[in-house]
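Open your viewer, switch to a cartoon view and keep the selection box handy. We will take this one stop at a time.

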Amino acid sequence: MSKSKPSTWMIALFVLFLLLIIVALVGISATTGNADITVDDAYSAILHKFFPDSYAPSWLAEVCVWNLRLPRIIMGILAGICLGLAGATMQWALKNPFASPYTLGISHTAVFGTYVAIIIGGASIGGGAFMILGTAGIFALIAAAIVLHISRRRWATPERVVLMGIVMVIFSSAITTILMYFGGAGAVKETVFWMVGDLSRSSLDVLAYMAGTIVLCAIPLLLLIFIPSLFGVDEKRIRTYAMFVASLLVAITVYFTGTIGFIGLLAPHICRLVIGNDHRFVIPISGLVGAVLLIGSDLVARTVISPVILPVGVLTTLMGAPLLAYLIVREGRRAVGSA
């Protein structure tokens with residue numbers, strides 16, 4: 001990849017553009033659903049919480065927006081930021097344009113951890129939430145360690161690392177199927193949520209926990225990117241630390257939303273097309289791109305066969321699989337051309 005230096009104005013305009021898109025998507029998503037709510041009603045309901053004397057939304061708009069739609073939208077924004085940050089960090093840490101939480105098998109391994117906690121450990125979302133989150137984090141870190149070990153072998157091309165990630169996906173899926181086969185009906189029903197990836201379990205209480213855990217991981221990640229001297233001068237070690245922190249972000253996202261694929265793969269590529277390859281800009285801005293992609297995908301999932309709502313994880317996988325195939329073919333052609 002070329003070492004193009006991004007223009008400060010280009011970066012600022014791109015960030016502003018992404019923020020405007022997010023605001024627009026929030027308004028559109030807040031008005032989309034079975035209840036007939038206009039854009040003015042939706043924004044009035046949102047702003048009424050902060051400026052009660054200036055806005056007077058209808059009761060229906062306030063209930064639908066704050067209790068149903070806005071928590072889902074905010075969860076989509078937070079999950080998209082996590083996946084965008086994690087994907088860009090993994091591509092930088094491994095020097096692999098195909099790397100993402102989904103293609104490396106880290107998301108699936110974290111999901112496998114939630115199944116272990118629920119089916120073997122007897123945890124549930126109602127009681128045992130920290131056990132589920134902790135187990136997902138441990139399994140995500142194990143997967144990241146395996147990926148790092150493989151990526152440092154002399155034979156490990158980007159394509160082969162992704163193939164090993166697919167092996168982890170297949171292995172974890174097979175073991176998960178065995179656990180579900182022997183698990184009780186209640187435990188199996190509990191685990192279905194993580195298989196497809198969805199934003200349906202969002203609520204304002206859940207968002208507070210999600211935002212807090214994301215901040216705890218995002219701070220050290222940003223320090224690794226912008227002030228690496230705090231952690232030493234060994235670039236290899238810094239990339240390793242960043243990989244592990246990114247894996248924790250994946251585990252957090254998996255716990256709250258299940259498996260949502262390819263957001264972490266696509267967001268960094270969009271960023272590099274616009275602002276160049278400087279990871280100090282690509283990684284944080286990929287979080288904003290990830291938020292746009294995820295809430296946009298969720299909007300499509302809610303409307304494409306309305307009133308039925310598709311799991312957004314299924315939709316992103318359907319859209320992302322052709323992208324991965326295109327990237328692999330493009331890199332293959334480049335390799336042949338340079339041979």
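Which residues in the largest nonpolar core touch the most other members? Select Ile22, Met90, Leu104, Ile106, Trp194 and Met243: among the 94 residues of that core, these are the ones with the most contacts to fellow members. Keep in mind as you look that this is a predicted model. Now colour helix H3, residues 59-94, which supplies 19 residues to this core, the most of any contributor. A second core, separate from this one, has eight residues, including Phe98, Tyr102, Val162 and Leu265.

**Stop 1: Ile22 and Ser29**

Zoom in on Ile22 and show its surroundings. Beyond residues up to four places away in sequence, Ile22 touches Ile77, Leu288, Ala291, Val292 and Ile295. Next, select Ser29, which sits in helix H1, residues 8-31. Is Ser29 buried or exposed? Ser29 counts as buried because its relative accessibility is 2%, below the 20% cut-off. Setting aside neighbours within four places in sequence, you will find Ser29 in contact with Arg69, Ile73, Ile295, Leu299 and Arg302.

**Stop 2: helix H5 and its partner**

Select residues 129-151, helix H5. Try the distance tool on its end C-alpha atoms: they are 33 Å apart, which agrees with the 33 Å expected for 23 residues at 1.5 Å a residue. Colour the buried residues of H5, among them Ile132, Leu133, Ala136, Ala140, Ala143, Val147 and Ile150. An α-helix has 3.6 residues a turn, so residues three or four places apart point the same way.

Now add helix H9, residues 235-257; the axes of H5 and H9 come within 8 Å and cross at roughly 140 degrees. The crossing of H5 and H9 is right-handed. Where they meet, H5 brings residues including Ala129, Gly137, Leu141 and Leu148, while H9 brings residues including Thr240, Met243, Phe244, Leu248 and Tyr255. By class, this H5 and H9 contact has 16 nonpolar, three polar and no charged residues.

**Stop 3: two loops with positive phi**

Most residues other than glycine have a negative phi. Select Lys95, in the loop between H3 and helix H4 (106-120). Lys95 is not a glycine, yet has a positive phi of about 55 degrees. With 62% relative accessibility, Lys95 counts as exposed.

Finally, go to Phe262, in the loop between H9 and helix H10 (263-275). Phe262 is also not a glycine, and has a positive phi of about 75 degrees. Phe262, however, counts as buried, at 7% relative accessibility.

Methods:
Residues numbered from 1 in each chain as written. Predicted model: local features only at pLDDT ≥ 70, side-chain atom pairs only at ≥ 80, totals over all residues. Heavy atoms only, no water. Helix = DSSP H or I, 4+ residues; strand = E, 2+ residues; numbered from the N terminus. Expected span 1.5 Å × (residues − 1). Buried < 20%, exposed > 50% of the residue type's maximum accessible area, 1.4 Å probe, protein only. Core = buried A, V, L, I, M, F, W, Y, C linked by side-chain atoms within 4.5 Å. Contact = heavy atoms within 4.5 Å. Axes fitted to C-alpha atoms, helices over the stretch in contact; angles between N-to-C directions. Left-handed = near helix turned anticlockwise from the far one by under 90°. Nonpolar A, V, L, I, M, F, W, Y, C, P; charged D, E, K, R; others polar.
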